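Trainee: I've got a structure open and no idea where to begin. Can you walk me through a few features?

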Amino acid sequence: MSQSTEFIDIKRRNAKERPPVERVNDWGEYQQPFTEKKLKQQASRCMDCGTPFCQMGTILSTGTSGCPLYNLIPEWNMLVHQGKWYEAFQRLAKTNNFPEFTARACPAPCEGSCTAGVPSEPVTIKSIEKAIIDRAFLEGWVKPRKPLRKTGHKIAVIGSGPAGLTAADDLNQLGHSVTVFEREDRFGGLLMYGIPNMKIDKTYVERRIELLKQEGIEFRANIHVGIDLSIEELQQNFDTVLLCIGAEQPRELPIEGRHLKGIYHAMDYLMTSTKHYLDPDVSCDINAEGKKVIVIGGGDTGADCVATAIRQGCKSVVQFGKHGQLPLERQPGNPWPENPAIFSLDYAYEEALTIFGEDPRQYFIQTQSFVGNDQDEVIGLRTVSFQPNTALDQTENYWDADLVLIAIGFEGVKEDIFPTIQRSQKRIATVTNSFQTSQDGVFAAGDARRGQSLIVWAIQEGKKAAIEIDRYLASKEIKQTV
């Protein structure tokens, strides 16, 4: 930027967070914005690389490296450093439909592949992105974009998560008439109900939905396509159908005692909790108040369960992981520009450390069975702890538990409600190099097609699916005129 060594001379600073002892008493977002002065300083650390690995967006060693949206990161970093906020917003919006979502819900693999992270520390890309889009809304730069022409084509998008909303947005801008169908009572998919409010405030989701409505997209809630309405019925009224139904089938833990009351899948717990938060009249059937909570699974969903349980007033919370604690620094087998697999104290763990005095994570734990009482309620579980690649005996343990949350990932499409659509490995199968399914005129995108993944991949899927649908419709027009 203004100097060639700022990525070393200026130290990386993370955005401030509200104190854990304060934020656990509410459901507000825990991150706080940078001052403009610090944002300009942090943006100046960008090296403006000749080959910006931060925007390459690919899979390296099973993990995402760089931004799958190919965001023009060095460009808007430079513009922020220069104080050109509107121009920075224009560059950000060129590649990303919903920066207010990704700046909150994406784990930022772009930072893991930032070149500045080799000799120093990566640029705080995620915080800068959040500052740009939040300022754009505050200044009134984000306005409804109504398409200049209408093609006459009608498209049904099933599911209002990131992939569905992105495809709907792009298809609408191309002049097609788009209707989004959602089985829940609110729109946004997992952005609305699956991610806790302290990570992404739902007012931001609702604000974007309202903007898309103003741009001409129709939204219809409480319609479960495949049950309330078949694909064939939709095809009678729409030229194409796009399935963005997610990959919400949870991975099961089929061990002794699984039938006991008080054992739930993590996503059921998170969705119930958020629905109750948004509407107190909706009963919170799964509540951690006063309970000893155990979360099985060491990922982000499990961390969200920890944070949610603390806010509900749990008596204690422990999280099991079958892997060991990550190292403090990159290891030789995890070189740049791979996403770094290093230890961090996520927001949920910092809160647990503050409230209960210890990190809730337990490593190398395998759950063997659940234990219940005479009322078929879970009261505990049995585990074995182990040291991999050693001959040491496994250690058996018993843990008290009133509430157990299973957060060990997802297997694929949740329900086989589309018998005419072929599936492969529990995902919706699509034609090679296309997003079209086995049924003519029906497309699929997002986790339903790709499998469980990051929000940036879902948005990329939505954008590419929109291109394929537009091509399909154009080819139909050509055939009709020949």
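Mentor: Let's take the nonpolar core, then the paired strands, then the empty spaces. This is a predicted model, where local features need pLDDT of at least 70 and side-chain atom pairs count only at pLDDT 80 or more, while totals for chains, interfaces and linings use all residues. Residues are numbered from 1 along each chain as its sequence is written, and side-chain values use heavy atoms, with hydrogens and water left out.

Trainee: Which residues touch the most other members of the largest nonpolar core?

Mentor: In soluble globular proteins, nonpolar side chains tend to be buried together. A nonpolar core is a set of buried Ala, Val, Leu, Ile, Met, Phe, Trp, Tyr and Cys residues joined through side-chain atoms within 4.5 Å. Buried means under 20% relative accessible area, exposed over 50%, and partly exposed in between, with a 1.4 Å probe and protein chains only. Here the largest core has 96 residues, and Ile 132, Leu 242, Tyr 269 and Val 293 touch the most other members. Helix 17 (residues 455-481) gives the most to this core, nine residues. Helices (H or I, at least four residues) and strands (E, at least two) are DSSP runs, numbered from the N terminus.

Trainee: How do strands 3 and 4 run, parallel or antiparallel?

Mentor: Two strands pair if DSSP finds at least two bridges between them. Strand 3 (residues 154-158) and strand 4 run parallel, joined by five bridges. To get from strand 3 to strand 4 (residues 177-181), the chain passes through helix 9 (residues 162-173), making a right-handed β-α-β crossover. Right-handed means that, with the strands pointing away from the viewer, the path from the first strand over the helix to the second runs clockwise. Strand 4 also runs parallel to strand 5 (residues 218-220), with three bridges. Look at Val 180 in strand 4: Val 157 stands opposite, and in strand 5 its bridge partner is Phe 219.

Trainee: Is strand 4 mostly covered or uncovered?

Mentor: Mostly covered, since four of its five residues are buried.

Trainee: How many cavities of 30 Å³ or more are there?

Mentor: Rolling a probe the size of a water molecule over the atoms shows where empty space is left. On a 1 Å grid over the protein atoms alone, a cavity is a set of points where a 1.4 Å probe fits but cannot get out, and lining residues have an atom within 4 Å of a point. This structure holds three cavities of 30 Å³ or more. The largest cavity is lined by 15 residues, including Cys 67 and Glu 129, and helix 8 (125-139) gives the largest share of that lining, three residues.

Key:
1 Å grid on protein atoms, 1.4 Å probe; cavity = no way out; pocket = protein on both sides within 12 Å on 5 of 7 lines; lining within 4 Å. Points joined across faces, edges and corners; volume = space filled by probe spheres on them.
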